[in-house]
Amino acid sequence: MYNHPDSTTFSAADHAYMAQALELAEKGLFTATPNPRVGCVLVKNRTVIARGWHERAGEAHAEVHALEEGGEKARGATAYVTLEPCAHFGRTPPCADALIAAGISRVVVAMQDPNPAVAGRGLEKLRAAGIAVSCGLFAEEAQELNIGFIARMTRNRPWVRLKAAATLDGKTALENGVSQWISGDAARADGHRWRARACAILTGIGTVKADDPELSVREYYCERQPLRIVLDPELEIPPSARILQSAPVLIVTAEVHDSERAARLAAAGHRILALPAVNGRIALNALMLELAKLELNEVHVEAGNTLNGALFAAGLVDELLLYLAPLIVGNAGRGIFDLPALTSLAGAARLAIRECVRVGDDLRVLARPVQ
């Protein structure tokens with residue numbers, strides 16, 4: 001989808017070196033945001049002479065790290081990069097210029113950059129400098145690694161991943177609301193890892209009032225806590241809520257009903273964002289546009305069935321992360337989505353299951369709606 005159209009046949013060595021570059025790119029899984037996760041390997045005379053990966057926004061890109069490590073040996077080398085080298089001045093200078101100046105003779109790229117500020121210009125600049133350029137090797141793997149960045153650049157909204165823990169009969173809580181704990185220890189720890197890779201964690205005021213969650217990353221090492229976002233149309237969030245007690249929270253409301261309460265929240269360091277409302281509910285498409293403006297690539301949703309259903313019905317859920325516990329609680333339990341009743345299975349949402357693995361005693365299912 002984002003490949004430069006060339007018909008290069010890649011060698012076994014090309015595949016091996018690009019695989020190494022992808023492993024390096026994955027090192028930025030939890031830290032590179034809002035930038036893409038990128039890795040670079042420099043090879044000369046069939047020997048890897050340098051490696052680099054992008055760790056944080058504002059710091060050197062993968063290519064620059066590799067070129068610094070390679071030094072003079074980089075002249076005449078091949079660079080394997082998981083994303084098209086940038087050709088513009090952003091937070092750092094253009095990487096395409098750095099590769100040209102270093103005397104790189106060939107550049108193999110996994111995928112073209114979807115950023116409109118780049119979008120093929122880096123490849124063009126390299127070719128104009130006489131460097132041999134090939135694109136498209138392991139493109140799908142590179143796209144998956146940066147699926148949130150791609151979503152923000154091409155759709156102007158983040159990639160939305162909805163997480164839920166449910167019983168095998170699809171219930172997230174008992175009829176009385178009790179839900180702790182449906183999933184086991186291993187699944188909860190795994191869920192924190194998925195929180196850690198996200199740019200933000202989104203929930204609704206119903207979940208805050210019912211469960212009083214903190215929604216931070218605790219069971220997985222993370223040097224950067226995701227932004228926590230609460231949809232609260234009536235600005236009902238209690239000052240004692242656990243989610244308000246640590247880092248600042250973005251509270252999205254339909255309108256500021258209580259200016260004194262809003263002022264207190266703002267004074268405590270929290271941000272209030274007022275958005276249009278439809279029938280008392282936040283306009284979710286408007287919300288996603290605002291989250292894209294905040295440079296959020298991946299949004300991790302942990303909410304109740306009302307917000308889950310609204311997001312799904314609006315076509316804003318890109319991926320489902322479901323932990324299914326070996327429990328049966330019966331028909332009276334609460335489901336994952338509050339959606340209108342169907343009269344025919346033809347109207348059912350279709351999913352493509354991408355992964356199903358065992359995590360402790362539970363199953364982790366990763367699925368995406370079929371467009």
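**Exercise 1. Overall dimensions**

Task: Work out why the 23 Å radius of gyration of this 371-residue protein agrees with a compact globule.

Solution:
- Start with the expectation: for 371 residues, a compact globule would have a radius of gyration near 21 Å.
- Now compare: this model, which is predicted, has 23 Å, so the value agrees with the globule estimate.
- For a second view, take the box along the principal axes: the C-alpha atoms fill roughly 70 × 45 × 35 Å.
- Next, look at the inside: 51% of the 371 residues count as buried.
- Then look at the outside: the accessible surface is about 17000 Å², and carbon and sulfur atoms account for 52% of that area.

**Exercise 2. Elements and long-range contacts**

Task: Find how many helices and strands the protein has, and what share of its contacts between residues at least 6 apart join residues at least 24 apart.

Solution:
- Counting the elements gives 11 helices and 18 strands.
- Taking the contacts between residues at least 6 apart in sequence, 70% of them link residues at least 24 apart.

**Exercise 3. Charges and salt bridges**

Task: Tally the charged side chains, then examine three salt bridges, starting with Arg56 and Glu59.

Solution:
- First the tally: there are 39 positive and 42 negative side chains, and the centres of these two sets are 2 Å apart.
- A useful reminder is that side chains of opposite charge can pair when their charged atoms come close.
- Across the whole structure, the search turns up 23 salt bridges.
- Begin with Arg56 and Glu59, whose closest N and O atoms are 3.6 Å apart. Arg56 is partly exposed at 27% relative accessible area, and Glu59 is also partly exposed, at 34%.
- Move on to Glu144 and Arg354, a salt bridge with an N to O distance of 3.3 Å. Because Glu144 sits in helix H5 (residues 139-145) and Arg354 in strand E17 (residues 351-359), this pair ties together parts 210 residues apart in sequence. Glu144 is partly exposed at 27%, and Arg354 is partly exposed at 43%.
- Finish with Arg364 and Asp190, which meet at 2.9 Å, N to O. Arg364 belongs to strand E18 (residues 362-369) and Asp190 to helix H7 (residues 185-197), so the link spans parts 174 residues apart in sequence. With buried meaning under 20% relative accessible area, Arg364 at 12% is buried, and so is Asp190 at 15%.
- Zoom out to the network: salt bridges with shared partners join Arg37, Glu144, Arg161, Arg197, Glu298, Glu319, Arg354 and Arg368.

**Exercise 4. A loop residue and its surroundings**

Task: Locate Val329 and list what it touches beyond its neighbours within four places in sequence.

Solution:
- Place it first: Val329 lies in the loop between strand E15 (319-325) and strand E16 (334-335).
- Check its accessibility: Val329 is partly exposed, with a relative accessible area of 35%.
- Now the contacts: outside those sequence neighbours, Val329 touches Thr167, Asp169, Lys171 and Leu174.
- Add one distance: Glu175 is 154 residues away from Val329 in sequence, and their C-alpha atoms are 9.4 Å apart.

**Exercise 5. Helix H11 and what follows**

Task: Which residues of helix H11 are buried, and what is the phi of Gly315?

Solution:
- Within H11 (residues 305-313), the buried residues are Leu307, Asn308, Gly309, Ala310, Leu311 and Phe312.
- Gly315 follows H11, and its phi is positive, near 75°.

**Exercise 6. Backbone exceptions**

Task: Look at the backbone of Asn156, Asn279 and the peptide bond from Thr33 to Pro34.

Solution:
- Set the background: most residues other than glycine have a negative phi, and most peptide bonds are trans.
- Asn156 has a positive phi, near 60°. Asn156 is in the loop between helix H6 (147-155) and strand E6 (159-167), and it is partly exposed at 42% relative accessible area.
- Asn279 also has a positive phi, near 55°. Its place is the loop between strand E12 (277-278) and strand E13 (281-282). At 80% relative accessibility, Asn279 counts as exposed.
- The peptide bond from Thr33 to Pro34 is cis, with omega near 5°. Pro34 is in the loop that runs between helix H1 (12-25) and strand E1 (39-44).

Methods:
Residues are numbered from 1 along each chain as its sequence is written. Side-chain values use heavy atoms; hydrogens and water are left out. Helices (H or I, at least four residues) and strands (E, at least two) are DSSP runs, numbered from the N terminus. The radius of gyration is taken over C-alpha atoms; the globule rule is 2.2 Å times the number of residues to the power 0.38. Buried means under 20% relative accessible area, exposed over 50%, partly exposed in between (1.4 Å probe, protein chains only). Contact means heavy atoms within 4.5 Å. Accessible areas come from the Shrake-Rupley method with a 1.4 Å probe; for residues, only the protein chains shown count as cover. Lys and Arg count as positive and Asp and Glu as negative; His and the chain ends are not counted. The place of a charge is taken as NZ of Lys, CZ of Arg, CG of Asp or CD of Glu. A salt bridge is a side-chain nitrogen of Lys or Arg within 4 Å of a carboxyl oxygen of Asp or Glu.
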